[in-house]
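Colleague: I would like a close look at one small sheet in this model, and then at how its surroundings are put together. Please take it step by step, since I want to follow the geometry and not just a summary.

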Amino acid sequence: MNATNRGMNRAVLFITGLVLLAAGGAAALASAWPVAATVWQDGTRTALSWMKDAEGASRISEATTVSGFTIGVLAVLLVIIVAAIAMIARLGGGRSSVVIRDETGDGVQGPVVIRQGFASDAITRSLASRSEILTSRVSASRVRGADVLHVSVTPRQNTSPVKVAETAIRLVDNLATLTGRETPTLISIHSGVRSRLAADQPRVN
Amino acid sequence: MTKPVLTRVVRRETHSPRTVVTVVVLVLIVVAAVYAGIEIVLHLLRASPLLVTPGVALAWVAALPTAEPQPAIIAGAVAVAVIGVVLLWLAIAPGRRPKHSLGISGHAVIVDNAVIASAVADRVRRELDLPKGAVIVGIGHRAADVTVRPEPGQVIDRGRVRSVAENELDGYASSPRLKVRARVLQYAEKEGVS
């Protein structure tokens, strides 16, 4: 659970895919089909001569090869680089260390903030005492301005997910009773290598 | 799921964010842009290029239709187009993860398909008194495939397999709902002997 902007991810993939498809398709067509080849050559010749003209016309001085045009190209490249790095840097995030906050402080006790560590300890300790649950992890995140608790549980294989969920929900509800406030909670039940290795408890059938 | 924030959380948890592919694509874009920038600057400084000067590169692109070897050029161009199609597919396809959301409480519950499969298999195995490993369950997005391989001499009714599996899944209230397809395999003679 994080705050990655998924629409942006898909937009990046969509645009890049479109560009690659167009470039690859056009190049393949131009190589394989003479009519497309003449179109390709005419088009690129026009583009190249336009670039030469623009480059020559925007020379800063006679003595150098530096021109306004090349500086423009470099600026565009720089913008692309900065934008891509900014997008990578913005991925993820959205974790929160707070489970419950009451900052208005209209109660007797004033502003109340319950940290994730408290809920995490309370819930994972209780789950650890149950034999059908191998591992559990609790984290908090902030989604659209609301704190959400995420309890992630890996049970032993062949355990009914409903029973596991009910156990976890009971603990979350107990926490809600204790704190007097209900936090929206996501319970995710996972399978993994550990659950497969610890498949069956010895049972008497 | 009463709270809208949980609806959003469930959607995010059951669909892939495409982060890995996006990071790879963005890193490649950065590398390509940096390389192009270096070549342009080297050209401006009249230094020798790393690989190719910008002018030569552009001329090569312009002369691409006549470049040799032509089959290799076409293959490369098609490969680029195929990568483009794959990226478009990744951008548009829903990217569902193998998980189901259970509607058993006011909180959001998300379960890996493998957990559902093993629970259903265990229930069927116990109810029909089958040996370990005799029940194989595959969970898809909308269907659960239950395959039973009874022991020699054991008669298993397909309808009963289905009703047991349906009974287990009814308690899950999964969304989307899972339709049960039951199958009973005949015990192969030679497997029993060897």
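In which sense do strand β4 (residues 143-148) of chain B and β6(B) pair, and over how many bridges?

Modeller: Bear in mind throughout that this is a predicted model. Strand β4, residues 143-148 of chain B, and β6(B) pair in the parallel sense, and six bridges link them. One place to find this pairing on screen is Asp145(B), whose bridge partner in β6(B) is Arg181(B).

These two strands belong to an open sheet of three strands in chain B, with the order β3-β4-β6 and mixed pairing. The edges are taken by β3 (135-139) and β6 (179-184) of chain B, each of which has a single partner strand, so that one side of each is left without a neighbour in the sheet. If direction is ignored, neighbouring strands of this sheet are turned against each other by 15° on average. Helix α5 of chain B, residues 113-127, packs on the sheet and touches β3 and β4 of chain B, and its direction makes about 150° with that of β3(B). Another helix to look at is α6 of chain B, residues 158-170, which lies across β4 and β6 of chain B and runs at about 145° to β6(B).

From there one can turn to the place where the chains themselves share strand pairing. Here β6(A) pairs with strand β2 of chain B, residues 108-112, again in the parallel sense, with four bridges between them. Within this pairing, Ile189(A) has Val111(B) in β2(B) as its bridge partner.

The contact between the two chains as a whole draws on 62 residues from chain A and 60 residues from chain B. On the side of chain A that touches chain B, at least two residues each come from α1 (6-32), α2 (34-57), α3 (68-90), β5 (146-155), α5 (161-179) and β6 (185-189) of chain A. Of these, α1(A) gives the most, with 19 residues. Sorted by class, that side of chain A holds 39 nonpolar, 19 polar and four charged residues.

Because α1(A) contributes the most there, its partner in the other chain deserves a look. The axes of α1(A) and helix α4 of chain B, residues 70-92, come within 7 Å and cross at roughly 155°, which makes α1(A) roughly antiparallel to α4(B). Their crossing is left-handed, and the residues of the contact divide into 21 nonpolar, seven polar and one charged.

Inside chain A, α1(A) also packs against α2(A), at an angle of about 120° and with the axes 6 Å apart. That angle makes α1(A) oblique to α2(A), and α1(A) passes α2(A) in a left-handed crossing. The meeting residues are Ala26(A), Leu29(A) and Ala30(A) in α1(A), set against Ala36(A), Ala37(A) and Trp40(A) in α2(A). By class, the residues of this contact are six nonpolar, with no polar and no charged ones.

As a last point of orientation, chain A is divided into domain 1 (6-90) and domain 2 (95-197). The C-alpha centres of domain 1 and domain 2 of chain A lie 50 Å apart.

Note on methods:
Residues numbered from 1 in each chain as written. Chains lettered and ligands numbered in written order. Predicted model: local features only at pLDDT ≥ 70, side-chain atom pairs only at ≥ 80, totals over all residues. Contact = placed C-beta atoms within 7 Å. Nonpolar A, V, L, I, M, F, W, Y, C, P; charged D, E, K, R; others polar. Pairing = 2+ DSSP bridges. Domains from an automatic or database assignment. Axes fitted to C-alpha atoms, helices over the stretch in contact; angles between N-to-C directions. Parallel < 35°, antiparallel > 145°, perpendicular 65-115°, else oblique. Left-handed = near helix turned anticlockwise from the far one by under 90°.
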